[in-house]
Amino acid sequence: MDGASDPHALESRLISTGAERLALLGKHAEALMAGYARDEVPLAGLSKTALNRLLAARILWRPDEQGGVKLAPKVRELIAEMLADETRRHVNADVAETLELLRSLVQSYRKAREAGEYWRQEQQLLRLRQEVDDLNGRFADAIDSLWRRLNSDFGFVSHLGDKIRENERAQKQIVRLLDGLELIDFTELIELVGGDGALRKLLVSGLQQQLTQHYTSLREVQRRMIELLARFRQQQSRSRLVAGMAAFLREHPGFAPGNYARRSEVPTLVNRAAPLIAAGAAALDHDSDPRVLTDLLHGLPRPVSRPEPVTAAGVAALQENTLVATRHQALKEDVERFYLSVVDRGGEPLSALEYLQEGEFEWGEEIWLFQVIAEHQGLPRGEQRAFRLRQQETQASPFNHLRLIHDVIIQLSWGGGSETPQAVRREAR
């Protein structure tokens, strides 16, 4: 009999593992109680080997790589039960109740902050951290439980019915975990924490990172579960075929398989291959074959060639890119005439929109202002200093720093260089 199925061997292994875990609890009791009283377990009194053994025994856990080591939620609940600590005892592990408790603690934290009670504020923040850690720990324990079932009961059952039942149980547990994760609404949490940096880091960024890891782990569990189930169904089908053949041989001891290649009627189960098409060739050394081949060739239908329709050539149309280039050139010439008008006016400013309305151009206001600004930016440095460009703009809204340009006013700048109006007009032309 295999040792894995021996009940005495399983019992002895269970007792030895439990005794080892309890010995670890007693050996490092002071460090564990210090972690229970505080937010994290102090690592000063723990060696690297002891820390790794406590992590492997699931007595301690590390929420993230940058954070410290904390007590596992089950260990914290055990200590709370032994000490009759009602503030740390979890009577109900429902996610909705935990979220309601988080809302209550946030309200208490805000009231303590408004009243200036810093000690009470720190206590409420510590309780919030513990509740968030317990929530993440419960999800992590459930996912680890799924992994253990995949690697033990679910992976080593002997019947397909047991496999399906284990699969249904695991799927229902995954659905419950996903329903619990969906209850956490980060939009509500963002409105709840407001502008407090500590609460936002704890209940928004930190919790969202942990939930992302839980979602990733659940997807991996589902993928592994489907893979194992498909592999088991394949093995089960093969074992059923072998068991059926063995039962048939027991009932018919003298059975001998026949030569199916020489049978005229092959069973459908065996006749799986595609039929072979025999190759044929003309025997030119026979006098009768060429006459037969000639008759067959004359009897073949001739391919009928259909005349292809010819499309009449239409009128050549102007390409779209040519039309766009023509309109852009016309817009550019109108803007150049606007700059020449600024030069003709001397030092008086000229509004781009007023010039557009007086000239009755067909351009839109937005594209006209854009081309005026682009033309000014495309001028050489010396010619840019000859013009002074002033934009009439406003802010989009009190909460948006986007600036909206309503008009562009241009005038000659006599102090920026030595250009005269005649020189500027000559350069522009």
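## Close-up views of the predicted model

**View A. Glu220, Arg223, Arg224 and Glu227 are joined into one salt-bridge network.** Arg224 is partly exposed, with a relative accessible area of 25%, where buried means under 20% relative accessible area, exposed means over 50% and partly exposed lies in between, computed with a 1.4 Å probe and protein chains only. The model is predicted, so local features need pLDDT of at least 70 and side-chain atom pairs count only at pLDDT 80 or more, whereas totals for chains, interfaces and linings use all residues. Residues are numbered from 1 along each chain as its sequence is written, and side-chain values use heavy atoms, with hydrogens and water left out. Glu227 forms a salt bridge with Arg224, with 3.8 Å between the closest N and O atoms; a salt bridge is a side-chain nitrogen of Lys or Arg within 4 Å of a carboxyl oxygen of Asp or Glu. Both Glu227 and Arg224 belong to helix 9 and are three residues apart, about one turn of the helix; helices (H or I, at least four residues) and strands (E, at least two) are DSSP runs, numbered from the N terminus. Glu227, at 31% relative accessibility, counts as partly exposed. In the pair formed by Arg223 and Glu220, the closest N and O atoms of the salt bridge are 2.5 Å apart. Because Arg223 and Glu220 are three residues apart in helix 9 (residues 197-251), about one helical turn separates them. Arg223 is partly exposed at a relative accessible area of 44%, and Glu220 is likewise partly exposed, at 32%.

**View B. A salt bridge between Arg53 and Glu20 links distant parts of the chain.** The search of the whole structure finds twelve salt bridges, and in the one between Arg53 and Glu20 the closest N and O atoms are 3.8 Å apart. Arg53 lies in helix 3 (residues 48-56) and Glu20 in helix 1 (residues 7-27), the two residues being 33 residues apart. Arg53 counts as partly exposed because its relative accessible area is 38%, and Glu20 counts as partly exposed with a relative accessible area of 38%.

**View C. Met33, Leu78, Met82 and Leu83 make a nonpolar surface patch.** The patch covers about 410 Å², and its largest share, three residues, comes from helix 4 (residues 73-83). Patches are made of residues with over 30% relative accessible area and no salt bridge, like charges being joined within 9 Å and nonpolar side chains (Val, Leu, Ile, Met, Phe, Trp, Tyr) within 5 Å. Met82 lies in helix 4 and, with a relative accessibility of 62%, counts as exposed. For the protein as a whole, about 29600 Å² is exposed, and carbon and sulfur atoms supply 54% of that area; accessible areas come from the Shrake-Rupley method with a 1.4 Å probe, and for residues only the protein chains shown count as cover.

**View D. Strand 5 pairs in the antiparallel sense with strand 4 and with strand 3.** Ten bridges connect strand 4 (residues 387-397) to strand 5, and two bridges join strand 3 (residues 350-351) to strand 5 (residues 400-412); two strands pair if DSSP finds at least two bridges between them. Within these pairings, Thr394 stands opposite Leu404 in strand 5, and Ser351 stands opposite Ile409 in strand 5. Strand 4 is joined to strand 5 by a hairpin of two residues.

**View E. Glu366 in helix 13 is exposed.** Helix 13 spans residues 365-377 and contains Glu366, which counts as exposed because its relative accessibility is 70%. The C-alpha atoms of Glu366 and His406 are separated by 8.8 Å, although these residues are 40 residues apart along the chain.

**View F. Helix 10 is hardly covered.** Helix 10 (residues 288-299) has twelve residues, and the distance from its first C-alpha to its last is 17 Å, close to the 16 Å expected at 1.5 Å a residue; the expected span is 1.5 Å times one less than the number of residues. Among the twelve residues of helix 10, the count of buried residues is zero. As context for this view, the protein holds 15 helices and five strands, and buried residues make up 31% of its 429 residues. Of the contacts between residues at least 6 apart in sequence, 61% join residues at least 24 apart, a contact being heavy atoms within 4.5 Å.
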